[in-house]
Amino acid sequence: MDQPEALGRRQGELPPGQRLQRGWPVLHYGPVPRFRPERWEFRVFGATASGGKHCWNHEEFSALPYTTVVGDFHCVTKFSMLDVEWGGVSTSTLLELAPPAPEATHVMVWAEYGFSTNLRMDDFADARTIFATHKGGEQLTAEHGFPVRLIVPHLYAWKGPKWVRGVEYMVADRRGFWEERGYHNLGDPWREQRYSYQEEPGDGPDL
């Protein structure tokens, strides 16, 4: 079964309630973190297959296989960018290098200042989900998430935080920063899953 079609996603089309955006607005909560390469570390931990932690410094992470995907960007504030080229490290690469335990069902993606977002493992492992370092062949700016931000093209953009520092494999769902503050636990733009009051039974853990 074709996964995008099964989930109701149509690459290159606007989800309901969205408008086409030509530029890329800068939206975030709090200050832009200062990048210190000598202190930067990317970690994968939690319910890993080995039971241990996997770490890469910035040089090591930058040396991981580079790939490009074409994916849309749907912001919950109702703007969308279509058919954007993203470059970076595929989540499938990370899953191969640091495999989760068989019982892992979700991930928590951790970013600077303690920001986080939760994803189902299937969404994290989607073929177009990527730890982006580049957009359109150009390195991301600090305001847009340099050195690494997660891009999950089939979900609202808050599910792809800027300034990512690690991934926690989880055996049960747990809400992230915005999901604890009123945003929908799943965030499917084709179903307009914007806010937690729209959730149906089974969409996420209790608030």
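Is serine 116 buried or exposed? I took this as the opening entry, working from a predicted model.

**Entry 1. Serine 116 and valine 109**

I found serine 116 in strand S7, which covers residues 116-120. Its relative accessibility is 9%, so serine 116 counts as buried, the cut-off being under 20%. Setting aside residues up to four places away in sequence, I listed its contacts as Met108, Val109, Trp110, Gly176, Phe177, Trp178 and Glu179.

I followed the contact with Val109 next. Valine 109 belongs to strand S6, which runs over residues 106-111. I read a relative accessibility of 0% for valine 109, which therefore counts as buried. Beyond residues up to four places away, valine 109 touches Phe115, Ser116, Thr117, Leu119, Phe124, Leu150, Pro161, Val164 and Gly166. For one of these partners, leucine 150, I noted the C-alpha separation: 8.5 Å in space from valine 109, against 41 residues in sequence.

**Entry 2. The largest cavity**

How many cavities of 30 Å³ or more does the model hold? I counted three. The largest encloses about 60 Å³.

I then wrote down its lining: Asp72, Phe73, His74, Leu150, Ile151, Val152, Pro153, Leu155, Tyr156, Ala157 and Gly160. Leucine 150 thus appears here as well as among the contacts of valine 109. Strand S4 (67-74) and strand S10 (149-151) each supply at least two of the lining residues. The largest share, three residues, comes from S4. By class, I recorded eight nonpolar, two polar and one charged residue in this lining.

**Entry 3. Proline 147 and phenylalanine 35**

Which residue is joined to proline 147 by a cis peptide bond? I identified phenylalanine 146 as the partner, with omega at about 10°. Proline 147 sits in the loop between strand S9 (138-139) and S10.

Phenylalanine 35 touches both members of this cis pair: its contacts, not counting residues up to four places away, are Trp40, His58, Phe146 and Pro147. I placed phenylalanine 35 in the loop between strand S1 (19-20) and strand S2 (41-46). Between phenylalanine 35 and proline 147 I noted 112 residues in sequence and a C-alpha to C-alpha distance of 7.7 Å. The relative accessible area of phenylalanine 35 is 25%, and it is therefore partly exposed.

**Entry 4. Proline 100**

I located proline 100 in the loop between helix H3 (91-97) and strand S6. Its relative accessibility of 25% makes proline 100 partly exposed. The C-alpha atoms of proline 100 and threonine 48 are separated by 4.2 Å, although the two residues are 52 apart along the chain. Apart from neighbours within four places in sequence, proline 100 is in contact with Ala47, Thr48, Ala49, Leu95, Met121 and Tyr169.

**Entry 5. Positive phi angles**

I looked up two residues that have a positive phi without being glycine. Lysine 78 has a phi of about 90°. Lysine 78 lies in the loop between S4 and strand S5 (79-90), and at 40% relative accessibility it counts as partly exposed.

For glutamate 192 I noted a positive phi of about 50°. Glutamate 192 falls in the segment after S11. With a relative accessible area of 29%, glutamate 192 is partly exposed.

**Entry 6. Glutamate 199**

Where is glutamate 199 found? I placed it in the segment after strand S11 (164-170). Why does glutamate 199 count as buried? Its relative accessibility is 19%, and the cut-off for buried is under 20%.

The side chain of glutamate 199 reaches the backbone nitrogen of asparagine 185 at 2.8 Å. Residues up to four places away being left out, I recorded its contacts as Arg175, Tyr183, His184 and Asn185.

**Entry 7. Confidence**

I closed with the confidence values. The mean pLDDT of the protein is 92, and 93% of its residues reach 70 or more. Residues 1-8, by contrast, have a pLDDT below 50. Beyond near neighbours in sequence, I noted nine contacts for this stretch in the model.

Note on methods: Residues numbered from 1 in each chain as written. Predicted model: local features only at pLDDT ≥ 70, side-chain atom pairs only at ≥ 80, totals over all residues. Heavy atoms only, no water. Helix = DSSP H or I, 4+ residues; strand = E, 2+ residues; numbered from the N terminus. Buried < 20%, exposed > 50% of the residue type's maximum accessible area, 1.4 Å probe, protein only. Polar contact = N/O pair within 3.5 Å; in protein donor to acceptor, adjacent residues only side chain to side chain. Contact = heavy atoms within 4.5 Å. pLDDT = per-residue confidence, 0-100. 1 Å grid on protein atoms, 1.4 Å probe; cavity = no way out; pocket = protein on both sides within 12 Å on 5 of 7 lines; lining within 4 Å. Points joined across faces, edges and corners; volume = space filled by probe spheres on them. Nonpolar A, V, L, I, M, F, W, Y, C, P; charged D, E, K, R; others polar.
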